[in-house]
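These are my notebook entries on a single protein chain. I set out to look up its strand pairing, its surface and its internal space.

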Amino acid sequence: MRVFKQIPGLSILRKRPQSKIPFPLAVGQVIKVPDATTREVKIIKMELDDYLKMYFNKSFIFETVDQNNSSKKGDIVLIRKLDKPLTQKKFFSIEKILFQIDNIVDPITGKKMSHEQDEIKKHLEKVAQSFN
């Protein structure tokens, strides 16, 4: 293991312990709904690699608390670090839903669309046929 620590550029691949939370406020996407008030949120941060002088995506997955039980899978949310963590894994709470996944509005028809891929394809085919 000591050999890998000496190679420059591998610092981007190391995992950061959960006790060192990198930010107090972040924007992420809900990727999982395991419980009624628990959400798993994925946050992407750009980190500079000193050896390569390039930025790389670094993703973090945190369990968050949703008191209102209003967020769904796929929503873009604003999360804030809790003063006192509720459990050993829950450091954040969902403060606000920035973009809801079900509020996709078609600009041509003005109707709401579902986020299912099959329904989107069928809807686009109908719109394309109306222009032909």
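**Strand pairing, surface and cavity**

I began with strand 3 and strand 5, which run parallel and are joined by three bridges. I note that the model is a predicted one. Within this pairing I looked up Glu63 and found it opposite Lys90 of strand 5.

I then turned to the other neighbour of Glu63. Glu63 in strand 3 also stands opposite Glu40. The pairing of strand 2 (residues 38–49) with strand 3 (residues 54–65) is antiparallel and counts 12 bridges. I checked the hairpin of these two strands and recorded four residues between them. In that hairpin, Lys53 takes a positive phi near 55°.

Next I followed strand 5 (residues 90–99) to strand 4, with which it pairs in the antiparallel sense over six bridges. As one contact of this pairing I recorded Ile79, which stands opposite Ile94 in strand 5.

From strand 4 (residues 76–81) I moved on to strand 1 (residues 25–32); the two run antiparallel and are joined by five bridges. Here I looked up Val27, whose place is in strand 1 and whose bridge partner in strand 4 is Leu78.

I stayed with Val27 to ask about its surroundings. Is Val27 buried or exposed? I found a relative accessible area of 45% for Val27. Buried requires under 20% and exposed over 50%, so Val27 is classed as partly exposed. A patch residue needs over 30% relative accessible area, a cut-off that Val27 passes with its 45%. Which residues make the nonpolar surface patch with Val27? I recorded Leu98 and Phe99 as its partners, the patch having an area of about 290 Å².

For the whole chain I noted two helices and seven strands. Read along the sequence, their order is α-β-β-β-β-β-β-β-α. I also noted the burial of the chain: 27% of its 132 residues count as buried.

Last, I searched for enclosed space. How many cavities of 30 Å³ or more does the structure hold? I found one, and recorded a volume of about 40 Å³ for the largest cavity. I listed its lining as Ser70, Lys72, Asp75, Gln100, Ile101 and Asp102.

Key. Residues are numbered from 1 along each chain as its sequence is written. This is a predicted model: local features need pLDDT of at least 70, side-chain atom pairs count only at pLDDT 80 or more; totals for chains, interfaces and linings use all residues. Side-chain values use heavy atoms; hydrogens and water are left out. Two strands pair if DSSP finds at least two bridges between them. Patches are made of residues with over 30% relative accessible area and no salt bridge: like charges are joined within 9 Å, nonpolar side chains (Val, Leu, Ile, Met, Phe, Trp, Tyr) within 5 Å. Accessible areas come from the Shrake-Rupley method with a 1.4 Å probe; for residues, only the protein chains shown count as cover. A salt bridge is a side-chain nitrogen of Lys or Arg within 4 Å of a carboxyl oxygen of Asp or Glu. Buried means under 20% relative accessible area, exposed over 50%, partly exposed in between (1.4 Å probe, protein chains only). On a 1 Å grid over the protein atoms alone, a cavity is a set of points where a 1.4 Å probe fits but cannot get out, and a pocket is an open set with protein on both sides within 12 Å along at least five of seven lines; lining residues have an atom within 4 Å of a point. Grid points are joined across faces, edges and corners, and a volume is the space filled by probe spheres set on the points.
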